[in-house]
Amino acid sequence: MKSKITVIFMVLAGLGFIISLAEHISSILGSSLFSEEPWFLHHGLFVVWIPTALCARFLARGLPKKRMWKAALRGCPKLMRYMVYALFGYTFLNFALSFATSSSHASASTSTIRLFSGHWLFFYYAAFATLYSYLQLEKQAPARLCHNGHVLGLSASSCPECGVAVGDALAGER
Ligand SMILES: [Zn+2]
């Protein structure tokens, strides 16, 4: 994917995350920031996740599914990756807390928004981090080595020189 397009979607994902965070905090405090309900944030996810899925698939090409996240995020600084995992954990915590704390005081829509916005946080941030990772790795391409040390392109699934499948030799992985 072209870098400029990737940057645009990365910025959108970053904005989506910030707005979701503000809306999430607001919903915990018992109100919504938007007079119209904030479902545009839900639709926005589909906009940023189409390019994100393309980039993630590209970064994880030739790798087993369970390593997909690690591969997709390998261009991010450690802190960013931990944020993705922490927000993933938070979706479950928020899910539980939304039910535990939804009393008759809060309006039904506020607790629904709280529930959804907890997920938006994770999905926007994960999209942001994946696109960031992609941009970083694209800059340092060729970023991968085969088992015999030949330099490969970012997307290669096997070595063009010796034919070895590229399984676990990601140069950018820490
Ligand atoms: Zn090779």
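**Note on an aromatic cluster and the helices around it**

1. Ring pairs join Trp49, Trp69, Phe88, Phe92, Phe122 and Phe123 into a cluster. The model is a predicted one, and the structure as a whole holds 13 aromatic pairs.

2. One of these pairs is made by Trp49 and Trp69, whose rings meet edge-to-face, with 6.4 Å from centre to centre and 75° between the planes. Because Trp49 belongs to helix H2 (residues 40–59) and Trp69 to helix H3 (residues 68–72), the pair ties together parts that lie 20 residues apart in sequence. Are the two tryptophans buried or exposed? Trp49 counts as partly exposed, at 23% relative accessibility, and Trp69 is likewise partly exposed, with a relative accessible area of 37%.

3. As to the overall layout, the protein has 5 helices and 2 strands, and from the N terminus on the elements run α-α-α-α-α-β-β. Of its 174 residues, 40% count as buried.

4. The UniProt record, an unreviewed entry, places the feature "transmembrane region" at residues 40–59, 79–97 and 117–135, and these annotations may be inferred rather than shown by experiment. In the model, residues 79–97 are 100% helix and 0% strand, with the end C-alpha atoms 25 Å apart. Residues 117–135 are also 100% helix and 0% strand, and here the end C-alpha atoms are 27 Å apart. For the remaining annotated stretch, residues 40–59, the model has helix H2, which covers residues 40–59.

5. Which residues make up the nonpolar surface patch? Val7, Ile8, Val11, Leu12, Leu15, Ile19, Phe40 and Val47 form this patch, which has an area of about 640 Å². The elements that give two or more residues to the patch are helix H1 (3–28) and H2, and the largest share, 6 residues, comes from H1. Val7, one of the patch residues, is found in helix H1 and counts as partly exposed, at 35% relative accessibility; the cut-off that matters here is that patch residues must have over 30% relative accessible area.

6. Helix H1 also holds residues that are covered, among them Ser20, which is buried with a relative accessible area of 0%. The side chain of Ser20 reaches the backbone oxygen of Gly16 at a distance of 2.7 Å, so this pair falls within the 3.5 Å used for a polar contact.

7. Ser27 also has its place in helix H1, and at 5% relative accessibility it counts as buried. Its C-alpha atom is separated by 9.0 Å from that of Leu115, although Ser27 and Leu115 are 88 residues apart along the chain.

8. How far apart in sequence and in space are Ala72 and Tyr134? The two residues are 62 residues apart in sequence and 7.5 Å apart in space, taken from C-alpha to C-alpha. Ala72 is found in helix H3, the helix that also contains Trp69, and Ala72 counts as buried at 1% relative accessibility, whereas Trp69 is partly exposed. Tyr134, for its part, falls in the annotated stretch 117–135, which is 100% helix in the model.

Definitions and conventions. Residues numbered from 1 in each chain as written. Predicted model: local features only at pLDDT ≥ 70, side-chain atom pairs only at ≥ 80, totals over all residues. Heavy atoms only, no water. Helix = DSSP H or I, 4+ residues; strand = E, 2+ residues; numbered from the N terminus. Phe/Tyr/Trp six-rings, centres within 6.5 Å; stacked < 30°, edge-to-face > 60°. Buried < 20%, exposed > 50% of the residue type's maximum accessible area, 1.4 Å probe, protein only. Patch = residues over 30% accessible without salt bridge, like charges linked within 9 Å, V, L, I, M, F, W, Y side chains within 5 Å. Areas by Shrake-Rupley, 256 points an atom, 1.4 Å probe, with all protein chains shown as cover. Salt bridge = Lys/Arg side-chain N within 4 Å of Asp/Glu carboxyl O. Polar contact = N/O pair within 3.5 Å; in protein donor to acceptor, adjacent residues only side chain to side chain.
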